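Reader: I should like to discuss the structure shown below, beginning with single residues and ending with the chain as a whole. Please give the reasoning behind each answer.

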Amino acid sequence: AIQLSKLLGAFLLGLTSMTVLSVASHLLLGAEWGPPVGVAILVVALVLAAMGVMSLVAVFAHTAEQAGNYQAVVAIVLGLSGGGFFPIPGDAAVLRVVTSLSPHGWFLRGMNSLAASDAWSAVLPAAGAILLFGAVTATPALVLQRRRSSW
């Protein structure tokens, strides 16, 4: 129950943070995010993927402080590799592969697809890839956590 409530809290915090970011950037900076349904799908997928990867990282930590440090490093590496800090050139084949391994890269692809087509359904391939990333990281986290709990 404790772990489930922590996950629910993380989900709500992530969802609230991304919602505030998108609404504030729209109102204060004039940012256009595209159709709200498409943006919501991408945001929910990204928050779920973040929960999966952070759960996996936390399984390997021995203290809460260590988990926070590991998670910060992983978040920065994924953000860098996904193009969250600087644009990744489209003609660099190796870098395109690296961005495909990051939920951040898929989020940005989804936002680009949304801007190009203006149809919310354009985000579905990117959202699927983000959710797959979340499932691939959450599954071993659940297995390892159950093994740890049974010892």
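Reader: Does Leu-48 count as buried, partly exposed or exposed, and what is its relative accessibility?

Author: The model is a predicted one. Buried means under 20% relative accessible area and exposed means over 50%, with partly exposed in between. Leu-48 therefore counts as partly exposed, its relative accessibility being 36%.

Reader: Which residues does Leu-48 touch, not counting residues up to four places away in sequence?

Author: Leu-48 belongs to helix 2. Contact means heavy atoms within 4.5 Å. With residues up to four places away in sequence not counted, Leu-48 touches Phe-11, Leu-131 and Gly-134.

Reader: What separates the C-alpha atoms of Leu-48 and Ala-31?

Author: Along the chain, Leu-48 and Ala-31 are 17 residues apart. The separation of their C-alpha atoms is 24 Å.

Reader: Which helix supplies the largest share of the largest nonpolar core?

Author: This core has 20 residues, and those touching the most other members are Met-18, Leu-42, Val-43, Val-47, Phe-107, Met-111 and Ile-130. At least two residues each are supplied by helix 1 (2-29), helix 2 (36-59), helix 5 and helix 6 (124-150). The largest share, 9 residues, comes from helix 2.

Reader: With which residues is Val-43 in contact, leaving aside its neighbours within four places in sequence?

Author: Val-43 is one of the core residues that touch the most other members. Once its neighbours within four places in sequence are left aside, Val-43 is in contact with Leu-15, Met-18 and Phe-107.

Reader: Is Ser-102 buried or exposed, and at what relative accessibility?

Author: Ser-102 is placed in the loop between helix 4 (93-100) and helix 5 (103-117). Not counting residues up to four places away in sequence, Ser-102 touches Leu-78, Ser-81 and Gly-82. The cut-off for buried is under 20% relative accessible area. Ser-102 therefore counts as buried, at a relative accessibility of 1%.

Reader: What is the phi of Asp-118?

Author: Asp-118 has its place in the loop between helix 5 and helix 6. Because its relative accessibility is 57%, Asp-118 counts as exposed. Although Asp-118 is not a glycine, its phi is positive, at about 60 degrees.

Reader: How many ångströms separate the C-alpha atoms of Thr-63 and Asp-118?

Author: Thr-63 is found in the loop between helix 2 and helix 3 (64-82), and counts as partly exposed because its relative accessibility is 45%. Thr-63 and Asp-118 are 55 residues apart along the chain. Their C-alpha atoms are separated by 45 Å.

Reader: Which pattern does the chain follow when read along the sequence?

Author: The chain contains 6 helices and 0 strands. Read along the sequence, its pattern is α-α-α-α-α-α.

Reader: What is the radius of gyration of the chain, and why does it agree with a compact globule?

Author: The C-alpha atoms fill a box of roughly 50 × 35 × 25 Å along the principal axes. For 151 residues, a compact globule would have a radius of gyration near 15 Å. The value for the chain agrees with this, because it is 16 Å.

Reader: What percentage of the exposed area do carbon and sulfur atoms supply?

Author: Of the 151 residues of the chain, 29% count as buried. The chain exposes about 9,300 Å². The share of this area that carbon and sulfur atoms supply is 73%.

Reader: How far apart are the mean positions of the positive and negative charges?

Author: The chain has 6 positive and 4 negative charges. The mean positions of these two sets are separated by 22 Å.

How values were computed. Residues are numbered from 1 along each chain as its sequence is written. This is a predicted model: local features need pLDDT of at least 70, side-chain atom pairs count only at pLDDT 80 or more; totals for chains, interfaces and linings use all residues. Side-chain values use heavy atoms; hydrogens and water are left out. Helices (H or I, at least four residues) and strands (E, at least two) are DSSP runs, numbered from the N terminus. The radius of gyration is taken over C-alpha atoms; the globule rule is 2.2 Å times the number of residues to the power 0.38. Buried means under 20% relative accessible area, exposed over 50%, partly exposed in between (1.4 Å probe, protein chains only). Accessible areas come from the Shrake-Rupley method with a 1.4 Å probe; for residues, only the protein chains shown count as cover. Lys and Arg count as positive and Asp and Glu as negative; His and the chain ends are not counted. The place of a charge is taken as NZ of Lys, CZ of Arg, CG of Asp or CD of Glu. A nonpolar core is a set of buried Ala, Val, Leu, Ile, Met, Phe, Trp, Tyr and Cys residues joined through side-chain atoms within 4.5 Å.
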